[in-house]
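Biologist: Hi! Could you pull up the model so we can go through it together?
Modeller: Sure, here it comes.

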Amino acid sequence: VSTAPAGYGRVLDLVTRVRGVRGAMLVAGDDGLVVAEQLMEGIKGPAVAALAASLANRLHRAMDAAGVGADQFWHLQAEQGALLVVPAPSGMLVVAVAEPDVNVGLVRLEPLVKFVKEAGARLVLLMTSAGQVLAQHGFSRAVDVMSAAALGAAIMASTDEIARQLQQPPFAGLNHQGERHGIFLAAVATGRGKLVALVVYDLDVSSLGLVQLFFEQLAADLRAASPKDSVPKQVLAADFERELSDSLNTLFGR
Amino acid sequence: VLGGALKDPKGRDVTDTVAAYLAGVSQEAGRTAKLLGLGSWTGLAAEGQHGHVHLTPPTGAALLLVVRERAVPMGRLAIIAQRAAVAARRWLEAQG
């Protein structure tokens, strides 16, 4: 049974390919809810997610008290199976349910660590300057995406206006640094207009310097992928009517 | 705490604090294994940033914790924990 969004599907594929793994899932560590899953029939995803998250929280507190630092991987061995968990910096847990004789080394070393390393940023959102979402990574609920996009676009608009009042060019980027997380907001000029990127990162696994470094690469990639400027054609009344009619037909199937 | 002690990297005694947390971990591990149809849990190994831990229930009512620095591989820690569990079982039986 697979309910994995495209981006997460690749990660879960890598885990479930290991012999002896009966299923893998991504779980929101805070509330124990399933984000994505690829499980064999008979495995109850919500139960695995809730129990793994609860055990992860208790284990995290115990390890913290013991002074061994945050858990990077744990493995619950039972008589008829095993639970393997990698806490990602984004707060998510990569959870695998496995046969008792699974090769823990393979599951632990190959795909899971790769995922954890790639997840340096907690949340990333790419939108137009009007707040229309183009792409996102790390959000588990659509409502959060919409709220973040609206707020991010509003912040950018406000700072652009401040720059205009100061008769300065627009600010290149904004950084809000909290106790544990940072928020980086910056614009990218592309061939099809300005895009805005919102990045939330954990201060213990990343930094503003790192985010800026990789943001420059992201901006270059976006500019390269953006369609080139086309010559705007003259809008005729007849064309407008026809295009509007075609659009309505497409929308409502008339 | 039935026996043993644990100090954190700064040398502070954290035996009782960790034991209090481990009671919850043990209960949760047992519940997780049972509800997921995995049978009884036999061990819980975890890698931390500064060290590795291994938990084993040598008897139904006791929990054994082994903590070592990161330089000790997890597989070796599991062997140490198994041997410690055997010793702990004998010790508990001897206590009556």
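Modeller: One term before we start: a salt bridge here is a side-chain nitrogen of Lys or Arg within 4 Å of a carboxyl oxygen of Asp or Glu. Please also keep in mind that this is a predicted model.
Biologist: Thanks. Using that rule, how many salt bridges are there over all chains?
Modeller: The count comes to seven over all chains. One of them joins B:Arg68 and B:Glu69, with the closest N and O atoms 3.7 Å apart.
Biologist: Are those two buried or exposed?
Modeller: Neither, they sit in between: B:Arg68 is partly exposed at 32% relative accessible area, and B:Glu69 is partly exposed at 41%.
Biologist: Which residues do salt bridges with shared partners join into one network?
Modeller: That network is made of A:Arg58, B:Glu28 and B:Arg31. Between the chains, the side chains of B:Glu28 and A:Arg58 meet at 3.2 Å, N to O. Within chain B, B:Arg31 bridges to B:Glu28 at 2.7 Å.
Biologist: And where do B:Arg31 and B:Glu28 lie relative to each other?
Modeller: They are three residues apart in helix H1 of chain B, so about one helical turn separates them. B:Glu28 is buried, with 3% relative accessibility, whereas B:Arg31 is partly exposed at 43%.
Biologist: Let's turn to the interface. How many salt bridges does the rule find across chain B and chain A?
Modeller: Just one. There are also 14 residue pairs in polar contact across that interface, both residues being at pLDDT 80 or more.
Biologist: Which elements of chain B give two or more residues to the side that touches chain A?
Modeller: Helix H1 (15-35), strand E1 (41-48) and strand E2 (51-56) of chain B. H1(B) provides the largest share, with twelve residues. By type, that side of chain B divides into 18 nonpolar, twelve polar and five charged residues.
Biologist: What area is buried between the two chains?
Modeller: About 2800 Å², with carbon and sulfur atoms giving 67% of it. In terms of residues, 35 of chain B are in contact with 31 of chain A.
Biologist: Which strand of chain A pairs with E1(B)?
Modeller: Strand E3 (residues 71-78) of chain A, in the antiparallel sense and over seven bridges. For a spot to look at, A:Trp74 stands opposite B:Ala46 in E1(B).
Biologist: Nice. What is the order of elements in chain B?
Modeller: From the N terminus on, the order is α-β-β-β-α. Of its 96 residues, 39% count as buried.
Biologist: New topic: why do you call strand E10 of chain A largely enclosed?
Modeller: Because eight of its ten residues, 193-202, are buried, E10 of chain A is largely enclosed by the rest of the structure. E10(A) runs antiparallel to strand E9 (residues 181-190) of chain A, and ten bridges join the two. In that pairing, A:Val188 has A:Leu195 as its bridge partner.
Biologist: What does the side chain of A:Asp202 contact?
Modeller: A:Asp202, which is found in strand E10 of chain A, makes a polar contact with the side chain of A:His181 at 3.0 Å. A:Asp202 is buried, with a relative accessible area of 5%.
Biologist: Last one: what is the phi of A:Gln167?
Modeller: Positive, about 55°, although A:Gln167 is not a glycine. A:Gln167 is in the loop between helix H4 (142-165) and strand E8 (173-177) of chain A, and counts as exposed at 73% relative accessibility.

Terms used:
Residues numbered from 1 in each chain as written. Chains lettered and ligands numbered in written order. Predicted model: local features only at pLDDT ≥ 70, side-chain atom pairs only at ≥ 80, totals over all residues. Heavy atoms only, no water. Buried < 20%, exposed > 50% of the residue type's maximum accessible area, 1.4 Å probe, protein only. Helix = DSSP H or I, 4+ residues; strand = E, 2+ residues; numbered from the N terminus. Pairing = 2+ DSSP bridges. Contact = heavy atoms within 4.5 Å. Buried area = accessible area lost by both parts, 1.4 Å probe. Polar contact = N/O pair within 3.5 Å; in protein donor to acceptor, adjacent residues only side chain to side chain. Nonpolar A, V, L, I, M, F, W, Y, C, P; charged D, E, K, R; others polar.
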